[in-house]
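Please read the following account with the sequence and the model side by side. It goes from one chain as a whole to some of its helices, and then to the other chain and the contact between them.

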Amino acid sequence: MRLEPRTHTPLAVRVLAPVGAVLAALALCALLVAWTGAPVLKAYGLLVEGAVGSRFALTETLTRATPLILTGLAAAVAFRARLWNIGAEGQLYMGALAAVVLGGGMLNLPFWLLIPTVLIAGALAGGLTLLGPAVLKVRFGVDEVVTTLLLNFVVLLLVSLLLEGALKDPMGMGWPQSAPVVEAAELPKLVARTRLHAGLVIALALAAVLWLIDTRTIWGYENRAVGANPRAAAFAGMPVTKVMLRTAVLSGGLAGLAGAAEVCGLKGYLTLDLSPGFGYSGIVVAMLAQLHPLGVVGGALFIAGIFVGADAMSRAVPVPNYIADVLVATSLLCMLVAGLLARYRLRRG
Amino acid sequence: MEILDVLVSAAFWTAVLRIATPYVLGTLGELLCERAGVLNLGIEGIMTLGAMAGWMAVYQGGGLWTGVLVAMACGALMGLLHASLTVPLGLSQHVAGIGVTLLGTSLSYFVYRLVLPQASTPPTIQPFQPLDLPGALAQTPLTYLAALLVLAVAYALYRTPVGLAVRMVGENPGAAEAQGLSVTAVRVGAVMAGSALMALAGAFLTLSAFNAFFFNMVNGRGWICIALVVFASWRPGKALLGALLFAAFDAFQLRLQQIAGGMLPYQVFLMLPYLLSILALVLVARRAAYPRALMIPYRKGER
């Protein structure tokens, strides 16, 4: 048995790879669920029901998917150019920070001006946060994996510092949280009496725009070329450094936007638990999507469904809701293998 | 001068050695993996799993050394997972490592919550006690074990055929293969051994430094170890030195926090270790001599 590279991967294989990976992950985690003593099929049934079983469940899953689409896109565009941005979590919080600073009453603008200002500021804050490690990479050859990871901790401490200091809500009963954003900075709700907000539309539109840029413009071509082979791209006269920095701002910006949208669309204010690891889950989303911008939407919906469904499940059967995190991690590892099978074929002999 | 008083006190150096221990062990483990050509970003999750598994074994009635062994076995298993994906299959070491970290962390939290569903205050165990020695030498056995392991790994890497094989597959796997070595076997073995050391680093936190398992208890220590490996230019001796320097700085910022507490928010002090790691990376990046085959999968017969 040996592996032989495919010259062309059919679309069916590309779509089936993540489906197979997800099924494998569900099967593996079934062992874990069985170990807890809960009936496996019932538990998974509850998970699916909790994720998509009712109108409310569906809107919750879509709400949860919104930041995941954005962090998934952040990971996808960066990984495409082989910029290993593992710092989306920190960039997300920087975006959220910018949103509460500008949206907290500092600017007195009508909503149609304030919302774009706040969101763009959030994206800029995220983009600039990744620009630092990217500059260190292209100027000094510092590995961006470690710097972006370490910056996550620095950013969280910065947020903690500000939430206990300058940004602390005087009406917050002593909790470390910021004052809420003004009403004009709040994103409109998509469905009345649910938490689903316009951030979803923005995320979907960006996925489509990124797909168009990727396939229809010189920018996208350069990004892909640099990712595939930076030396060949440089030899062909492409501005590799510029592409790297551009990708960094874009990737960090998407993560920052995720943070700003969570603040303006969902929470209204900033706390230290704004993101339950959206930055890290975004990596899984991007990998499930095989770094394809449109696939990211599907990946994000799946991961969001797992998280929302697992919460519902753990209320009904004694399975800790950390099963969702285990499922997500297992999906990532299974997807790596499935991706390999999509790119290669098994040959006997 | 208060600051000078801190630097000459035995309590300060006791703290330095204690703080340094997980960094020494984690850095040593990561160094072993990278010397064989495999970047192991699973370190953060493997440390978390080691911390949880070691603690859980003791909590369930096992001895402290049983806990250490359980932790190391779990670490080796995670290492086997990472190595299976990255060595024979040649998959992205970055993504596989992140996957291992996510799996190790989530599995630890899952098992902890399953066994202790309603624990609001974390239950405690009786941890390792410091040896009855004067001054800064009063450390727990695991700290002494860490020091011994530095010597052992340094000796093995530079003075034994096994160490030569590890360095060879990290520098020139083709040449190693030509010598009749199995690159896959050596790499998998090195990653498993390194991951066991990472898990030991985690177990030190729950069995020695503290007496309970907390969520987020590893808190980026694994990532700092990866920075320390670069800082140490992949040498065990320098890794020990780097970990001690880093720990001294960390212990110093803790003391500074107490002295200068009112002047600056405590978060500023807590940021310093992470910023220092980034600064250290920038300083050594230019002359960093990476193992030649680091992150390059090896396939027989391919050039």
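In chain A of this predicted model, 53% of the 349 residues count as buried. A compact globule of 349 residues would have a radius of gyration near 20 Å, and the 21 Å of chain A agrees with that expectation. Taken along the principal axes, the C-alpha atoms of chain A fill a box of roughly 70 × 60 × 35 Å. The chain is built with 13 helices and two strands, and among its contacts with a separation of 6 or more, 79% join residues that are 24 or more positions apart.

One of these helices, α7(A), covers residues 199–216, and its end C-alpha atoms are 25 Å apart, which agrees with the 26 Å that its 18 residues should span at 1.5 Å a residue. Which residues of α7(A) are buried? They are Gly199(A), Leu200(A), Ile202(A), Ala203(A), Ala207(A), Leu210(A) and Asp214(A). Because these residues cover an arc of only 160 degrees around the axis, they lie on the same side of α7(A). The face turned away from that buried side carries exposed residues, namely Ala205(A), Ala208(A), Val209(A), Leu212(A), Thr215(A) and Arg216(A). The cover over the buried residues of α7(A) includes α3 (55–80), α8 (218–228), α10 (240–267) and α12 (293–316) of chain A.

Of these covering elements, α3(A) can be followed further. It is mostly covered, with 22 of its 26 residues buried, and it reaches 36 Å from its first C-alpha to its last, close to the 38 Å expected at 1.5 Å a residue. The helix α3(A) bends by about 30 degrees at Ala65(A), and a proline, Pro67(A), follows within four residues. After α3(A) comes Arg82(A), whose phi is positive, near 55 degrees.

The largest nonpolar core has 223 residues, and those with the most contacts inside it are Ala99(A) and Ala260(A) together with Ala199(B), Leu200(B) and Leu228(B). Helix α9 of chain B (residues 183–209) gives the largest share of this core, 17 residues. If its neighbours within four places in sequence are left aside, Leu200(B) is in contact with Leu25(B), Gly50(B), Val68(B), Ala71(B), Met72(B) and Gly75(B).

The contact between the two chains takes 34 residues from chain B and 34 residues from chain A. On the side of chain B that touches chain A, the elements that give two or more residues are α5 (93–115), α10 (221–231) and α12 of chain B, and α5(B) supplies the largest share of that side, 13 residues.

Helix α12 of chain B (residues 266–285) holds Leu275(B), which counts as partly exposed because it has 15 C-beta neighbours inside 10 Å. Measuring from C-alpha to C-alpha, Leu275(B) and Tyr59(B) are 36 Å apart in space and 216 residues apart in sequence.

Two further residues of chain B deserve a look at their backbone angles. Most residues other than glycine have a negative phi. Trp234(B), although not a glycine, has a positive phi of about 60 degrees; it is found in the loop between α10 and α11 (236–259) of chain B and is buried, with 22 other C-beta atoms within 10 Å. Met295(B), also not a glycine, has a positive phi of about 70 degrees. Met295(B) lies in the segment after α12 of chain B, and with 14 C-beta neighbours inside 10 Å it counts as partly exposed.

Notes:
Residues numbered from 1 in each chain as written. Chains lettered and ligands numbered in written order. Predicted model: local features only at pLDDT ≥ 70, side-chain atom pairs only at ≥ 80, totals over all residues. Core = buried A, V, L, I, M, F, W, Y, C linked by C-beta atoms within 7 Å. Buried ≥ 20, exposed ≤ 12 C-beta atoms within 10 Å, placed from the backbone. Contact = placed C-beta atoms within 7 Å. Expected span 1.5 Å × (residues − 1). Arc of directions from axis to C-beta. Bend = angle between axes of the 7 residues up to and from the residue. Rg over C-alpha atoms; globule rule 2.2 N^0.38 Å.
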